[in-house]
Amino acid sequence: MNGRLVLAGNVIADLVIEIPALPERGGDVIGTRTETTSGGGFNTLVAARRLGTEAVFAGLHGTGPYGDLVREALAAERVETLLPVRTDGDTGFTVALIDGGGERTFVTSFGVEATLTRADVDTVAAQLRPGDLVQLSGYGLALPGNGPLLSGFTAALPADITVCFDPAPLVADIPEAVLAPVLARADWLSANAREARLLSGHEDPRAAAAALRERLAPGAGVLVRADKDGCWLAAPGEAPTHVPGFPVDAVDSNGAGDAHVGSFLALLSQGHDPLTAARGANAAAAYAVTRPGPATAPDRTTLKNFLGLDPLAERLFRTEPH
């Protein structure tokens with residue numbers, strides 16, 4: 001395929017605060033480390049770009065310190081932007097609380113990225129190429145203004161565009177009228193266990209993967225990410241199968257799901273079959289959680305070294321992407 005990964009979603013700032021544990025309601029806790037970085041869909045773009053797939057940001061970015069931060073970070077990772085700078089406000093931000101166990105809790109405040117227009121989506125659609133992979137997040141669909149526009153944009157994409165949908169934590173807030181057209185058009189759905197449960201009603205990830213595939217068009221596939229346990233893959237035309245993870249000592253899980261999605265799509269775009277791409281994504285996500293920070297997905301050399309003598313390394317890296 002060798003298509004680009006095009007993020008039709010949000011790249012915002014992450015205000016990361018490490019804490020021993022979440023405070024009780026009305027309480028307080030002293031952070032042990034703070035950092036401001038680019039986050040949101042940035043982590044997905046970085047994961048794909050570092051594995052050798054061209055990545056493009058097709059969302060809004062504003063004027064101000066957070067917008068400047070986002071653009072500088074995208075440029076440093078050689079990620080192109082499709083839409084011009086908005087001058088009527090700044091990019092939004094997320095407060096990411098990382099507790100002593102490495103789990104993350106978010107509070108998000110949106111900026112200009114929540115004010116998408118018809119002209120914006122038309123501009124993006126006009127710049128897509130055959131073979132591109134469009135990544136869509138539930139964060140955008142949950143917004144009252146953006147959701148209907150992105151849903152209509154996705155439903156109208158031609159068949160030579162691969163669509164991947166990540167429901168994101170706000171999936172329960174997406175109106176059915178917005179969600180249904182996206183599920184009908186998605187070629188891949190990648191969800192964590194909680195999101196898969198909310199969408200399918202099944203606690204068991206295997207059952208959730210099977211049920212979710214039934215909600216998609218024929219020929220579509222599902223990934224249910226299960227953190228340290230790897231993922232469940234319901235590839236087109238095949239029964240759901242467990243794809244084991246890679247045991248590591250987790251330091252920071254922030255951005256691990258994005259690393260998994262970006263790596264999976266990058267490896268698919270490079271011609272790997274879904275099972276190989278899923279195993280590679282498991283390895284990339286496992287590596288990512290061993291490093292502090294949200295954008296810690298490995299590049300090709302780092303992932304190859306992480307895999308060591310695992311036969312997957314030979315399958316992934318016997319040829320370089322064009």
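Helices here are DSSP runs of H or I with at least four residues, and strands are E runs of at least two, both numbered from the N terminus. The model shown in every view is predicted.

**Figure 1. The whole protein chain carries 12 helices and 13 strands.** The C-alpha trace spans about 45 × 45 × 40 Å along its principal axes. The radius of gyration is 18 Å, which agrees with the value near 20 Å for a compact globule of 322 residues. Of these 322 residues, 54% count as buried. Many contacts reach far along the sequence: of those between residues at least 6 apart, 70% join residues at least 24 apart.

**Figure 2. The largest cavity holds about 100 Å³ of space.** The structure has 1 cavity of 30 Å³ or more. Its lining comprises 13 residues. Nearest the centre lie Ala 8, Ala 58, Gly 59, Leu 116 and Leu 150. Which helix gives the most to this lining? α5 does, with 3 residues. Helices α3 (118–126) and α5 (146–155) each supply at least two lining residues. By class, 8 of the lining residues are nonpolar, 4 are polar and 1 is charged.

**Figure 3. The largest pocket holds about 1300 Å³ of space.** It is lined by 50 residues, and those closest to its centre are Arg 104, Asn 192, Ser 253, Ala 256 and Gly 257. Strands β2 (11–18), β7 (104–109) and β8 (133–137) each give two or more residues to the lining. So do helices α1 (42–50), α7 (193–200), α9 (256–269) and α10 (274–288). The largest share, 4 residues, comes from α9. The lining has 21 polar, 17 nonpolar and 12 charged residues.

**Figure 4. Helix α9 is mostly covered.** Of its 14 residues, 13 are buried. The end C-alpha atoms of α9 are 20 Å apart, and this agrees with the 20 Å expected for 14 residues at 1.5 Å a residue. Just after the helix, Gly 271 takes a positive phi of about 95 degrees. Ala 256 of this region is among the residues closest to the centre of the largest pocket.

**Figure 5. Helix α1 is largely enclosed by the rest of the structure, because 8 of its 9 residues are buried.** The buried residues are Phe 42, Asn 43, Thr 44, Leu 45, Val 46, Ala 47, Ala 48 and Arg 49. α1 also gives two or more residues to the lining of the largest pocket. What follows the helix? Gly 52 does, with a positive phi near 100 degrees.

**Figure 6. Gln 135 sits in strand β8.** Buried or exposed? Gln 135 has 3% relative accessibility, so it counts as buried, the cut-off being under 20%. Leaving aside residues up to four places away in sequence, Gln 135 touches Leu 5, Val 6, Leu 7, Ala 8 and Gly 9, among others. Its further contacts include Thr 44, Cys 164, Asp 166, Val 261 and Leu 265. Two of these partners appear in earlier views: Ala 8 is one of the residues nearest the centre of the largest cavity, and Thr 44 is one of the buried residues of α1.

**Figure 7. Arg 78 and Ala 168 both have a positive phi.** Most residues other than glycine have a negative phi. Arg 78 lies in the loop between α2 (65–76) and β5 (80–81). Its phi is near 60 degrees. Arg 78 is exposed, with a relative accessible area of 60%. Ala 168 lies in the loop between β9 (162–166) and α6 (176–185). The phi of Ala 168 is near 70 degrees. Ala 168 is buried, with a relative accessible area of 4%.

**Figure 8. Leu 170 lies in the loop between β9 and α6.** Ala 168 is found in this loop too. Leu 170 is partly exposed, with a relative accessible area of 27%; that class runs between the 20% and 50% cut-offs. Which residues does Leu 170 touch, not counting those up to four places away in sequence? Tyr 139 and Ala 142. Tyr 139 is 31 residues from Leu 170 along the chain, yet their C-alpha atoms are separated by 6.2 Å.

Conventions: Residues numbered from 1 in each chain as written. Predicted model: local features only at pLDDT ≥ 70, side-chain atom pairs only at ≥ 80, totals over all residues. Heavy atoms only, no water. 1 Å grid on protein atoms, 1.4 Å probe; cavity = no way out; pocket = protein on both sides within 12 Å on 5 of 7 lines; lining within 4 Å. Points joined across faces, edges and corners; volume = space filled by probe spheres on them. Nonpolar A, V, L, I, M, F, W, Y, C, P; charged D, E, K, R; others polar. Expected span 1.5 Å × (residues − 1). Buried < 20%, exposed > 50% of the residue type's maximum accessible area, 1.4 Å probe, protein only. Rg over C-alpha atoms; globule rule 2.2 N^0.38 Å. Contact = heavy atoms within 4.5 Å.
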